[in-house]
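Student: I am new to this structure and would like to look closely at a single part, the inside of the protein and the rings that belong to it. Please take me through it slowly and connect it to the rest of the chain.

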Amino acid sequence: MKFTVINVLLVALVSILASPVRAASLQLIRHIEGLSRDYYYLNIDQANQPFERTDIVGGEHENHYFILGFQGDQFVVSIESIDGEASYSLTGEGYLHQALNSINDIGHQVSANAVVVEQQRTWIGIAVSAHPFAEYTLRVKMYE
């Protein structure tokens, strides 16, 4: 009896702790880890659920994010350098983008792009790198 109660409590605790992770993972279609590259494929289809990820890049290591977009979709892609200076580039075709740069409340540089998908469907690529290293936060928000 005692063993069963402990198991039930552990299952309840794990399910409570895993629910935010589960919500974020719904946007992640696939993650491929390479020797010096990480590839993330994302589907962001609701304006009220932006994607956010804090990570570190540097040296030869790069992180690549691919956002699945459909005609008429509008996104704001922003990268905030927290420690060091992260740089990024947008890759792919079938969308227009316009640079938006600002400084946040605590003085960090935030680089952003407004993106509008023109083709029926496309992958919007974001390649993040730094030298020697940087910690950054990537945010992608969809607008309706």
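Tutor: Before looking at any ring, we need a rule for pairing: two rings of Phe, Tyr or Trp count as a pair if their centres lie within 6.5 Å, and for Trp the six-membered ring is the one used. With that rule, Tyr40, Phe51 and Tyr65 form one aromatic cluster, and the count of aromatic pairs in the protein comes to four. Please keep in mind throughout that this is a predicted model, and that every distance and area below is computed from it.

To place the cluster, it helps to have the whole chain in view. The protein has one helix and 10 strands, and from the N terminus on the elements run α-β-β-β-β-β-β-β-β-β-β, with the helix placed ahead of the strands. Of the 144 residues, 32% count as buried. Among the contacts with a separation of 6 or more, 71% are between residues 24 or more positions apart. The exposed surface comes to about 9100 Å², and carbon and sulfur atoms supply 57% of it.

Now to the inside. In soluble globular proteins, nonpolar side chains tend to be buried together. Here the largest nonpolar core has 24 residues, and Tyr65, a member of the aromatic cluster, is listed with Ile67, Phe75, Ile126 and Leu138 as having the most contacts inside this core. Two or more residues come from each of strand 2 (37–42), strand 3 (51–58), strand 4 (62–70), strand 5, strand 8 (109–117), strand 9 (121–129) and strand 10 (133–143). Strand 10 gives the most, with five residues.

Which residues does Ile126 touch, not counting residues up to four places away in sequence? Among them are Tyr65, Ile67 and Leu138, which are also on the list of core residues with the most contacts. The contacts of Ile126 further include Asn63 and His64, Val77 and Ile79, and the run Tyr88, Ser89, Leu90 and Thr91.

Tyr65 leads us on to a polar residue, since Tyr65 is also among the contacts of Asp55. Asp55 is found in strand 3 and counts as buried at 17% relative accessibility, because the limit for buried is under 20%. Leaving aside residues up to four places away, Asp55 touches Tyr40, another member of the aromatic cluster, together with Asn63, Ala134, Glu135 and Tyr136. The side chain of Asp55 also makes a polar contact of 3.2 Å with the side chain of Arg53. In space, the C-alpha atoms of Asp55 and Ile82 are separated by 9.8 Å, although the two residues are 27 apart along the chain.

Strand 9 deserves a second look, as it holds Thr122 and Trp123. Thr122 is buried, with a relative accessible area of 8%, and a polar atom of its side chain lies 2.5 Å from the backbone oxygen of Glu93. Beyond its neighbours within four places in sequence, Thr122 is in contact with Ile67, one of the core residues named above, and also with Leu68, Gly69, Glu93, Gly94, Tyr95 and Val117.

Trp123, in turn, forms an edge-to-face aromatic pair with Tyr41, at 5.5 Å centre to centre and with 85° between the planes. Tyr41 lies in strand 2 and Trp123 in strand 9, so this pair ties together parts that are 82 residues apart in sequence. Neither ring belongs to a buried residue, because Tyr41 is partly exposed at 24% relative accessibility and Trp123 is partly exposed at 36%.

Strand 5, which also gives residues to the core, carries Ser81. This serine is buried, with a relative accessible area of 10%, and a polar atom of its side chain lies 2.9 Å from the backbone nitrogen of Ala86.

Two features towards the end of the chain complete the tour. In the loop between strand 9 and strand 10 we find Pro132, and a cis peptide bond, with omega at about 0°, joins His131 to this proline. Further along, Lys141 lies over the face of Tyr143, at 5.3 Å from the ring centre.

Note on methods
Residues are numbered from 1 along each chain as its sequence is written. This is a predicted model: local features need pLDDT of at least 70, side-chain atom pairs count only at pLDDT 80 or more; totals for chains, interfaces and linings use all residues. Side-chain values use heavy atoms; hydrogens and water are left out. Helices (H or I, at least four residues) and strands (E, at least two) are DSSP runs, numbered from the N terminus. Buried means under 20% relative accessible area, exposed over 50%, partly exposed in between (1.4 Å probe, protein chains only). A polar contact is a pair of N or O atoms within 3.5 Å; within protein, one must be able to donate a hydrogen and the other to accept it, and residues adjacent in sequence count only if both atoms are side-chain atoms. A nonpolar core is a set of buried Ala, Val, Leu, Ile, Met, Phe, Trp, Tyr and Cys residues joined through side-chain atoms within 4.5 Å. Contact means heavy atoms within 4.5 Å. Rings of Phe, Tyr and Trp (its six-membered ring) pair if their centres lie within 6.5 Å; planes under 30 degrees apart count as stacked, over 60 as edge-to-face and the rest as tilted. A charge sits over a ring if NZ of Lys or CZ of Arg is within 6 Å of the ring centre and within 35 degrees of the ring normal. Accessible areas come from the Shrake-Rupley method with a 1.4 Å probe; for residues, only the protein chains shown count as cover.
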